[in-house]
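Visitor: I should like to learn how to read the features of a structure such as this one. Could we take them in turn, beginning with a single side chain?

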Amino acid sequence: MPHRPYEIDVMISAKTIAARIEELSREIEAEFSDTDKIVVVGLLRGSFVFIADIVRELDIGVEVDFLEASSYGDGMESSREVRILKDIRGQIEGRDVLVVEDIVDTGYTLDHVINLLESRKPRKLRTIALLDKPSRRETGVRADWIGFEIPDEFVVGYGIDFAQRNRNLPFIGKVRFTDDQ
Ligand code: IMP
C-alpha cells in the first residue's frame, strides 16, 4: 500500500539534542562513578544514533551490546506483544548495565527488556530513553533518565523511523499527514 503523503516538522533540533546528551552524560557518569566499565545495551534499531552520541560523550569505560525487540512492526501502533529478535552477546551477571531506548511509548518494550535483563542478575541496571510519551503509557515503567518528554505525536529522525524511513534525519521531527483523511 502506498504511503499516505506526509511532511516532517522539526520538533527537537540537533543542537538541542546534543546539549541534552551532554547534561545526561554527566549524570550517568556520576551514577556509575564506582565502576570500571559499564555495558551499554542499545535497543535496535531506533536507538542506534542516540547510542553512538551518548557513548562518545561518556567519560567512563563502556562496552557496547545490542538487543532487538519488536513491538511496532511497520505501523504506527504498538502490538503490545514484545518479542526478542536478537539477544545481547555478552554476560551481564554482576555487571553495571545501561539500557538505551529511543522512545518509551506504551512502555511494553522497556518493561519486557528490564525484566529479561534483571533476571540475569546485573549488579546495577539503569535505563535511559531519549523521548518519553507519558500520556501513552500502559505499563508502570519509567526510564531513569529521559531526554525529552513529548506529547502524543508520531515522530521520526535521529534513528527513529516511520516504516523504515527518515532514520537519517539529524533532528527529531513530527509527522504531519498532508492528505485530508
Ligand atoms: P512501546 O513498547 O509502546 O513503549 O514502544 C516503544 C517502541 O515503539 C520504540 O522503541 C519505537 O521503536 C516505537 N515508537 C514509539 N513511538 C514512536 C514514534 O513516534 N515514532 C516511531 N517509532 C515509535
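Guide: Let us begin with burial. Lys-124 has a relative accessible area of 15%, and because buried means under 20%, Lys-124 counts as buried. Please keep in mind that the model is predicted.

Visitor: With which residue does the side chain of Lys-124 meet in a salt bridge?

Guide: The partner is Glu-31, and the N to O distance is 3.3 Å. In sequence the two are 93 residues apart, with Lys-124 in strand S6 (residues 124-132) and Glu-31 in helix H1 (residues 14-31), so the pair links distant parts of the chain. Glu-31 is partly exposed, at a relative accessible area of 26%.

Visitor: How many salt bridges does the model contain?

Guide: The count comes to 21 salt bridges. Another of them joins the side chains of Arg-123 and Asp-96, at 2.9 Å from N to O. Arg-123 lies in the loop between helix H3 (108-118) and S6, whereas Asp-96 belongs to strand S5 (residues 96-104), so this pair ties together parts that are 27 residues apart in sequence.

Visitor: Is each partner of that pair buried, partly exposed or exposed, and what is the relative accessible area of Asp-96?

Guide: Asp-96 is buried, with a relative accessible area of 2%. Arg-123, at 49% relative accessibility, is partly exposed, because the exposed class requires a value over 50%.

Visitor: Which salt bridge has two buried partners?

Guide: One such case is Asp-161 with Arg-167, whose side chains meet at 3.4 Å from N to O. Both of these residues are buried. Salt bridges may also be read as networks: Asp-105, Lys-133, Arg-136 and Asp-152 are linked in one.

Visitor: Let us turn to sheets. How do the strands of a sheet pair?

Guide: In general, strands pair through backbone hydrogen bonds, and the arrangement is either parallel or antiparallel. Here, three strands form an open sheet in the order S1-S9-S8, with antiparallel pairing. Strand S1 (6-12) and strand S8 (155-156) each have a single partner strand and stand at the edges, so one side of each is left without a neighbour in the sheet.

Visitor: How many bridges join S8 to strand S9?

Guide: Two bridges join S8 to S9 (residues 172-177), and the two strands run antiparallel. Within this pairing, Val-155 stands opposite Lys-174 in S9.

Visitor: What surrounds the ligand?

Guide: The shell has 18 residues, and the closest are Asp-102, Thr-106, Gly-107, Thr-109 and Val-155. Val-155, already met in the sheet opposite Lys-174, has a polar backbone atom 2.7 Å from a nitrogen atom of the ligand. The protein covers 92% of the 490 Å² of accessible area that the ligand has on its own.

Visitor: Which elements give two or more residues to the shell around the ligand?

Guide: They are S5 and H3. The largest share, four residues, comes from S5.

Visitor: Which polar side-chain atoms lie by an oxygen atom of the ligand, and at what distance?

Guide: For Thr-106, an N or O atom of the side chain is 2.4 Å from a ligand oxygen atom. For Thr-109, a polar side-chain atom lies 2.5 Å from an oxygen atom of the ligand.

Visitor: How do the residues of the shell divide into nonpolar, polar and charged?

Guide: Seven are nonpolar, five are polar and six are charged.

Definitions and conventions: Residues numbered from 1 in each chain as written. Predicted model: local features only at pLDDT ≥ 70, side-chain atom pairs only at ≥ 80, totals over all residues. Heavy atoms only, no water. Pairing = 2+ DSSP bridges. Salt bridge = Lys/Arg side-chain N within 4 Å of Asp/Glu carboxyl O. Buried < 20%, exposed > 50% of the residue type's maximum accessible area, 1.4 Å probe, protein only. Near = heavy atom within 4 Å. Polar contact = N/O pair within 3.5 Å; in protein donor to acceptor, adjacent residues only side chain to side chain. Areas by Shrake-Rupley, 256 points an atom, 1.4 Å probe, with all protein chains shown as cover. Nonpolar A, V, L, I, M, F, W, Y, C, P; charged D, E, K, R; others polar.
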